[in-house]
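Work through the exercises below with the sequence and the structure at hand, and try each task before reading its solution.

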Amino acid sequence: MIAQILFILVLIAAIYLFSKNAGKIRRNILLGRDTDRSDQPAKRWMVMAKVAFGQTKMVTRPVAAIMHFFIYAGFIIINLEVLEIMIDGVFGSHRIFSKPLGSLYGLLIGGFEILALLVLTACIVFLVRRNILRLKRFSGTEMTEWPRSDANYILIIEICLMTAFLTMNAADYKLQALHFGHYIKAGSFPVSSLLAPLLSANGNTLAITERVCWWLHIVGILAFLNYLPYSKHFHILLAFPNVYYSNLEPKGEFTNMESVTNEVKAMLDPSFMPENNGEAARFGAKDVTDLTWKNLMEAYTCTECGRCTSVCPANITGKLLSPRKIMMDTRDRITEVGNNIDKHGRDHQDGKALLGDYITREELWACTTCNACVEACPVNINPLEIITEMRRYIVMEESQAPASLNNMFGNVENNGAPWKYSNADRFNWVEGS
């Protein structure tokens with residue numbers, strides 16, 4: 001009973017803390033402007049099934065795709081085993097699913113063990129790629145000590161969890177063979193049975209080993225759950241809704257700005273009153289609260305894999321722009337805004353902004369708007385939307401566009417084309433032909 005009560009208290013505390021921190025992230029996301037992504041639900045479900053569940057955009061890098069699939073499948077399927085562990089912990093039972101599932105139970109446990117081994121292998125491969133091979137896309141000015149450590153922490157935690165799971169099963173396997181206590185014959189152990197000879201032959205020692213690994217495994221999972229809100233790996237939960245709410249319009253198609261539309265309507269009809277509660281309209285985005293909730297969800301969904309930056313032509317040619325940094329800076333800034341709300345209230349102004357304090361104008365104007373970053377992202381994150389909104393603010397609010405763009409704007413206004421020639425001279429090139 002003491003073990004059951006202790007487990008229930010740990011479980012309640014873990015769920016409470018996770019709900020509290022996840023609620024803060026939800027609050028932060030909803031600080032963004034509203035945008036409607038409820039259209040075409042059937043198509044959205046298809047995109048989510050293809051991109052999020054099917055992992056179709058991962059296959060451009062086959063090694064990473066295969067290793068990630070092992071971890072992805074392990075995360076989803078092994079959670080069935082976690083459900084059994086939680087029920088056992090609450091009711092004090094042992095392998096409670098073994099009787100109702102019968103022979104299928106052995107097949108499931110055997111499958112879980114093979115998946116656990118594959119997850120272990122994938123995590124080791126990823127650690128080698130990051131820390132020994134040092135792949136270029138895992139580096140960059142934005143990849144400071146914390147982002148690099150965060151990736152390693154997750155992989156090490158996964159290795160520890162799978163090791164505890166397999167060791168627990170190995171001890172259970174030997175205890176079943178000894179007919180020790182309540183350890184009934186249940187399950188199939190194709191991997192952990194190979195580890196069993198390394199363990200003690202004493203029943204009491206084995207029982208202690210099994211219990212210690214049981215606690216390490218389940219408490220480790222609950223700790224991992226509460227680590228997610230502080231980590232880039234929150235994408236485990238946000239990737240699916242983020243893909244569902246993808247922009248279904250053609251890539252590169254600009255949206256009409258409601259603030260500009262309202263200005264035009266007001267010019268045409270002096271009696272027109274926009275529905276903005278008297279607030280002054282802002283053109284583009286200066287800070288994170290000027291972005292949409294979808295932009296902010298994408299910032300929390302980014303796993304910092306670097307695929308976007310690795311295909312960015314501006315970054316490849318040595319310019320300052322990194323689409324990954326754009327998303328990381330957006331996440332850092334909205335987190336800072338949320339922390340200020342917690343400490344000082346919703347109306348607190350810290351004098352900072354996404355533009356200038358986090359993202360420089362040089363980065364924004366380096367973008368060629370080619371959409372390569374959008375195409376490369378495995379979960380349909382769109383850094384270009386943030387870049388274009390901030391450019392809109394620079395041009396329309398600050399009037400600080402580069403001189404070359406100001407010349408083009410003037411030509412469009414005066415000549416109806418980006419070039420300096422008037423409309424009357426447009427066809428001079430055909431003379432003498």
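The bend at a residue is the angle between two axes, one fitted to the seven residues ending there and the other to the seven starting there. The structure shown is a predicted model.

**Exercise 1.** Find where H3 has a kink and state its angle, then compare the span of H3 with the expected one.

*Solution.* With the bend defined as above, H3 has a kink of about 35 degrees, and this kink is centred on Asn 79. For the span, take the 30 residues of H3 at 1.5 Å a residue, which should give 44 Å; the end C-alpha atoms are 44 Å apart, so the two values agree. Moving on just past H3, one comes to Gly 92, where phi is positive, at about 70 degrees.

**Exercise 2.** Describe how H1 and H3 pack, and name the residues that make the contact.

*Solution.* Begin with the axes: helix H1, residues 2-29, packs with helix H3, residues 62-91, at an angle of about 130 degrees, and the axes are 7 Å apart. Because of this angle, H1 is oblique to H3. Next, list the residues: H1 contributes Gln 4, Phe 7, Ile 8 and Leu 11, while H3 contributes Met 86, Gly 89, Val 90 and Phe 91. Finally, sort them by character, which gives 6 nonpolar residues, 2 polar and no charged.

**Exercise 3.** Decide whether Asn 21 is buried or exposed, and name its contacts beyond four places in sequence.

*Solution.* Asn 21 lies in helix H1. Its relative accessibility is 13%, and because buried means under 20%, Asn 21 counts as buried. Once neighbours within four places in sequence are set aside, Asn 21 is in contact with Pro 229 and Tyr 230.

Technical notes. Residues numbered from 1 in each chain as written. Predicted model: local features only at pLDDT ≥ 70, side-chain atom pairs only at ≥ 80, totals over all residues. Heavy atoms only, no water. Axes fitted to C-alpha atoms, helices over the stretch in contact; angles between N-to-C directions. Helix = DSSP H or I, 4+ residues; strand = E, 2+ residues; numbered from the N terminus. Parallel < 35°, antiparallel > 145°, perpendicular 65-115°, else oblique. Contact = heavy atoms within 4.5 Å. Nonpolar A, V, L, I, M, F, W, Y, C, P; charged D, E, K, R; others polar. Expected span 1.5 Å × (residues − 1). Buried < 20%, exposed > 50% of the residue type's maximum accessible area, 1.4 Å probe, protein only.
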